[in-house]
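Trainee: Could you take me through one part of this model up close, residue by residue? I'd like the cut-offs behind each term as we go.

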Amino acid sequence: MSSLEATRRAEAAYPAARSPFSLKQSVLRGSRPGKEDFPSFLQKMKREMNAGLEREDEAYFELNAKALTGDPQAVSFFMNEIEKYLRKTPFTGSVPEAYDTAAEALFHEWKGFGPAYRWFTDRAYSESTGLQIIGRQIFYNVKGKFVPYPYEMPSLDRVEQLKRSLLKSDPNKKLNKDNPSAEFKMDDPLWPGRFIRLAIWVSPRVWEGFTTISMRRQVVEFLDLDDQAGTECIPAEAVPMIRALAMTFRNTIIAGAVGSGKTTFANTIVGEQLLGSASCMGVVMIEKHPESTLPYQIKGHRIIPIQAANEELMEVGVESLRHDPNLLYMTEMRYNEWEFYLWSGEKGYDGITGTFHTVDSEDVPYQGAFAVSTRIGGSMKGHLVSALKACELVFILESVGEGKKRLSRISEVFYDEAHSSVFANDLMRWEEESGDWTYNAEITEGLALKMRKKNAEAAQALLEILVRLAEEKPMSGPLKESLKSRIVLNE
């Protein structure tokens with residue numbers, strides 16, 4: 001038999017020999033489902049498990065919503081189901097780079113945050129205060145600066161799936177062209193008792209393909225003033241002065257830019273007031289979204305954490321006063337919160353503390369008045385007068401890099417009738433030129449009288465310490481006028 005004839009017989013017996021050998025095709029032809037590539041395996045598993053679980057368990061949809069936000073029972077349930085599936089249908093392909101095991105990868109690509117999950121569960125990220133997904137890109141915060149995360153989201157469809165899953169975790173939230181933003185919270189898997197805040201922007205708030213999901217983690221426990229001095233946010237020399245100032249219970253705004261440490265410092269001030277009190281204090285803490293961990297950290301006082309939507313804030317705030325609070329704490333003041341803050345101050349309540357995004361002490365009363373005027377209308381001048389009765393002290397915080405924060409100003413804000421204007425009178429201020437803090441002991445008589453009336457011992461201690469500090473490190477030019485307020489008051 002000729003060699004040509006032998007070749008023809010071989011081709012007839014083995015037709016596949018006519019095309020080049022392909023290992024991938026050969027494996028796929030004879031593979032079981034468990035040997036498919038990861039995306040195909042994931043889709044097949046989802047179809048089979050969704051159908052099976054929905055038939056077997058009526059609580060499936062509730063568990064499904066809880067799994068994304070880290071509920072331990074829900075996570076354990078789905079991980080057990082995935083592991084059972086893998087025992088029946090093993091996966092022998094390559095696991096995506098972000099994951100260590102097939103079960104881990106399948107859970108987080110099905111129910112979790114995809115490759116971003118490590119930020120939620122890996123101790124290496126426990127001190128990172130933020131994670132941001134923008135389209136497929138992921139960034140995380142390291143010591144106050146965002147840097148690229150080691151992995152990207154696998155696709156824009158996966159980002160949209162994550163968005164839909166977050167919405168299912170809270171049926172009251174809506175995301176569409178008329179409501180392009182929403183906020184959520186979830187328990188922090190790395191820090192039991194703490195939480196992570198999530199904010200989502202979708203089109204048309206952002207471009208198509210740039211859905212943005214931002215997470216903020218609370219990584220700092222309660223810091224008293226000594227702890228704040230240890231972080232170099234304040235100087236040790238000022239601790240007794242600020243402690244005495246806090247115990248006069250004046251109405252205070254803790255302000256600063258995003259990430260400046262204002263919420264942590266507000267917790268410090270309210271916590272110092274509680275720790276320094278000889279009796280059980282009542283605190284009404286009003287929030288739209290959980291900001292403070294104070295109720296978990298300060299015991300022995302009546303701390304009532306209240307959540308209220310924008311349209312409820314004023315009503316809930318007024319109702320809260322029936323629970324006999326000594327302190328009112330508003331952890332994130334934007335527009336709606338100012339109405340209650342001003343109303344409370346005008347009614348004569350003291351011990352009100354709130355946080356606000358601004359960097360100018362002298363303009364805080366104007367900004368509070370503007371917020372109320374924008375929301376409910378009325379006389380801007382009238383709202384400004386109310387704000388001047390409600391705002392007495394302003395603390396300004398700033399971020400100084402490498403995750404560090406600094407208290408840059410403590411100011412008394414007051415109305416100067418002679419000049420028909422509003423001034424900030426700095427009592428403590430950071431001086432960039434000298435790289436140190438300076439002090440001023442000239443408190444207006446009106447504020448000094450209120451302090452003595454509330455707590456004469458603390459007021460006396462405050463004045464004595466301020467006088468000494470001002471002699472050692474005198475401040476020049478402590479007054480700064482609010483030109484915005486002046487224009488309104490002289491219209």
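Mentor: Let's start with R250, which counts as buried at 5% relative accessibility. Here buried means under 20% relative accessible area, exposed means over 50%, and partly exposed is in between, with a 1.4 Å probe and protein chains only. Keep in mind that this is a predicted model: local features need pLDDT of at least 70, side-chain atom pairs count only at pLDDT 80 or more, and totals for chains, interfaces and linings use all residues. Residues are numbered from 1 along each chain as its sequence is written, and side-chain values use heavy atoms, with hydrogens and water left out.

So what does R250 pair with? Its salt-bridge partner is D350, with 3.7 Å between the closest N and O atoms. The term asks for a side-chain nitrogen of Lys or Arg within 4 Å of a carboxyl oxygen of Asp or Glu. In sequence the two are 100 residues apart, D350 sitting in the loop between α14 and β11 (352-356) and R250 in the loop between α10 and β7 (252-256). Those element names come from DSSP runs numbered from the N terminus: helices are H or I with at least four residues, strands are E with at least two.

By the salt-bridge rule, the count comes to 31. Another one joins E232 to K404, where the closest N and O atoms are 3.4 Å apart. That pair spans 172 residues, from the loop between α9 (225-230) and α10 (239-246) to the loop between β12 (393-399) and β13 (405-416). As for accessibility, E232 is exposed at 52%, while K404 is partly exposed at 41%.

Then there's R406 with E432, again a salt bridge, its closest N and O atoms 3.7 Å apart. R406 lies in strand β13 and E432 in the loop between β14 (421-431) and β15, so this pair ties together parts that are 26 residues apart in sequence. The two ends sit in opposite classes: R406 is buried at 15%, and E432 is exposed at 58%. Shared salt-bridge partners also join E362, R409, D426, R429, E431 and K480 into one network.

D426 turns up again around N440, whose side chain reaches the backbone oxygen of D426 at 3.0 Å. N440 is in the loop between β15 (436-439) and α17 (445-454), and it is buried, with a relative accessible area of 8%. Its side chain also makes a 2.9 Å polar contact with the side chain of N425. That term means a pair of N or O atoms within 3.5 Å; within protein, one must be able to donate a hydrogen and the other to accept it, and residues adjacent in sequence count only if both atoms are side-chain atoms. Setting aside neighbours within four places in sequence, N440's contacts (heavy atoms within 4.5 Å) include L427, L466, A470, M475 and P478.
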